[in-house]
Amino acid sequence: DPTLLTHLDIDHGVNDALTVRGHPYPKDLILDELKRRVAQVDMSGCEPGEEDAFYVADMGEIYRQHMRWKLNLSRVKPFYAVKCNPDPEVLRLMAELGNGFDCASKTEIDLALKTGVDPSRIIYAQPCKTRSYIRYAAQKGVKQMTFDNADELYKIKADFPGAELYLRILTDDSTSLCRLSMKFGASLDTARPLLDLAKQLELKVVGVSFHVGSGAEDPAAFLKAAQDARWVFEQASEVGYELHTLDVGGGFCDDTFEKFASILSKAVDDLFPANIRIIAEPGRYYVAGAFTLAANVIARRDVYDPQVSSQSSYMIYLNDGVYGNFSNIIFDHQHPVAQILTSANGTGASTPNSSVSSSPGAGIEYSIWGPTCDGIDVISERIVLPGLVDVGDWLYFENMGAYTRCSATRFNGFPDNHDVIYISSENGASALLDY
Ligand code: PLP
């Protein structure tokens, strides 16, 4: 329904949500909020940690992504993958939008239930579960869960025989950013024996699930997986099951979404009749662009070396790194890009005492490091920024909403619970969240 997007505050043209990202309105709003917050920090007198890194989360961006989903994948109901960013406000918005939740553990089940959703809006989508968690899911009425091996079926038989089961099948995830199929998924060879065993154990198989890998690059992977799932539906029918749901997993990315969505929509429409419910487990797609991180420059080292180059460069050290919110560099293969938020030098407030000279417009070369004592803690090995960055200045990084804060550690004693300031560039989201 093309009218879906007409009530968005930002007009990005029907089916062309990509232009939103470059739209000045939300970016200005986010930058204003980042600057408002850093202006409150007295760099020469603040309490320990008051200058810690923090996020600004634009809930309007999540709202827009949801509308874009509905426009392009109207038949597919999202079960947001909590693991990607379990921020309580994100979960609250997902619940308000009518989405379900994909949970991987007891804690995630609790977080999802805390939003007030019915347990039927949760799928415990981890094919190799902890037994006590299976019993917990039973106790909480979270019936939907995935499996991909015989041992899991025996566990479920013992701990939650009334569960509603999805057979997770293997996919070709060779082009994805984070591959999952070396760890999970039943091959087509084993699908039939598993269905036979489930029948023999009198378990209830209700659907098939797959995941083409997080950050998938080849939309054909969805087509092949949907075809394989269709075959498993037929096998299940021969065994005596009438499957009612296909779960197409996650893997959707912001910049390829429309292409993937059109291939997937056609595949499910061609292969699965309208009475089959289609669900998905998107994570990154919803939240990656919604979070912007600001971090403080806590130290700087001049690496001017006339023997190597007449140009000079700096090593700068931030109060956040790969053991913190930049864990996405290690675990999610991301390359966050620094931008200058505030520069005392740029405003003429301080002149650095350094041998590095900068000519206007030429840019200055930096490497950017995290705060721990580990050499692996590097955010950018080389980046050219337009101005001189000094100790006390702030940098910001866009697209920091997926697989960042959730995989941060407290290594070297640095915090893993950085503040989040919530704003909304869409009235639709503000209304749902009451702000
Ligand atoms: N579902 C499952 C079972 C996953 O393992 C993941 C990510 O690892 C997701 C969904 C979310 O994937 P994405 O963030 O790529 O959409």
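**A guided reading of the predicted model**

In the UniProt record, an unreviewed entry, the annotation "modified residue: N6-(pyridoxal phosphate)lysine" covers K83. The structure discussed here is a predicted model, and K83 offers a convenient point of entry. This lysine is found in the loop between β2 (76-81) and α4 (88-96). Because 21 C-beta neighbours lie inside 10 Å and the threshold for burial is 20 or more, K83 counts as buried. Leaving aside residues up to four places away in sequence, K83 touches A104, E108, G283 and C406.

The ligand may be considered next. It is surrounded by 17 residues, of which the closest are A81, S214, G250, G283 and R284. Sorted by class, this shell comprises 7 nonpolar, 7 polar and 3 charged residues. G283 thus appears both among the closest residues to the ligand and among the contacts of K83.

Strand β2, which precedes the loop of K83, also belongs to a closed barrel of 8 strands. The barrel runs β2-β3-β4-β5-β6-β7-β8-β9, and its pairing is parallel. From one strand to the next, the twist averages 30 degrees. Strands of a sheet pair through backbone hydrogen bonds, in either a parallel or an antiparallel sense. One such pair within the barrel is β5 (residues 144-147) with β6 (residues 164-168), which are joined in the parallel sense over 4 bridges. In this pairing, Q144 has E164 in β6 as its bridge partner. Helix α5 (residues 106-114) packs on the sheet, where it touches β3 (100-103) and β4 (122-124); the direction of α5 makes about 165 degrees with that of β3.

D151 is located in helix α7 (residues 150-159). It counts as exposed, because 9 C-beta neighbours lie inside 10 Å and the limit for exposure is 12 or fewer. D151 and C128 are separated by 23 residues in sequence, and their C-alpha atoms lie 8.9 Å apart in space.

A further set of strands pairs in the antiparallel sense. Strand β1 (residues 54-58) is joined to strand β10 (residues 291-302) by 4 antiparallel bridges, with Y55 standing opposite L293 in β10. Strand β10 also runs antiparallel to β15, again with 4 bridges between them, and here A294 stands opposite Y396 in β15. In addition, β10 pairs with strand β11 (residues 313-318) in the antiparallel sense over 5 bridges; D302 stands opposite Y314 in β11.

A second annotated position lies beyond these strands. UniProt, in an unreviewed entry, places the feature "active site" at C373. This cysteine is found in the loop between β13 (364-369) and β14 (378-385). C373 counts as exposed because it has 8 C-beta neighbours inside 10 Å, whereas K83, with 21, counts as buried.

Two loop residues merit attention for their backbone geometry. Most residues other than glycine have a negative phi. H333, although not a glycine, has a positive phi of about 55 degrees. H333 is placed in the loop between α12 (327-331) and β12 (338-342), and it counts as exposed because it has 12 C-beta neighbours inside 10 Å. N412 likewise has a positive phi, near 65 degrees, in a residue other than glycine. N412 lies in the loop between β15 (394-397) and β16 (419-423); with 14 other C-beta atoms within 10 Å, it is partly exposed.

Key: Residues numbered from 1 in each chain as written. Predicted model: local features only at pLDDT ≥ 70, side-chain atom pairs only at ≥ 80, totals over all residues. Helix = DSSP H or I, 4+ residues; strand = E, 2+ residues; numbered from the N terminus. Near = placed C-beta within 6 Å. Nonpolar A, V, L, I, M, F, W, Y, C, P; charged D, E, K, R; others polar. UniProt positions renumbered as here; feature names shortened; annotations may be inferred. Contact = placed C-beta atoms within 7 Å. Pairing = 2+ DSSP bridges. Axes fitted to C-alpha atoms, helices over the stretch in contact; angles between N-to-C directions.
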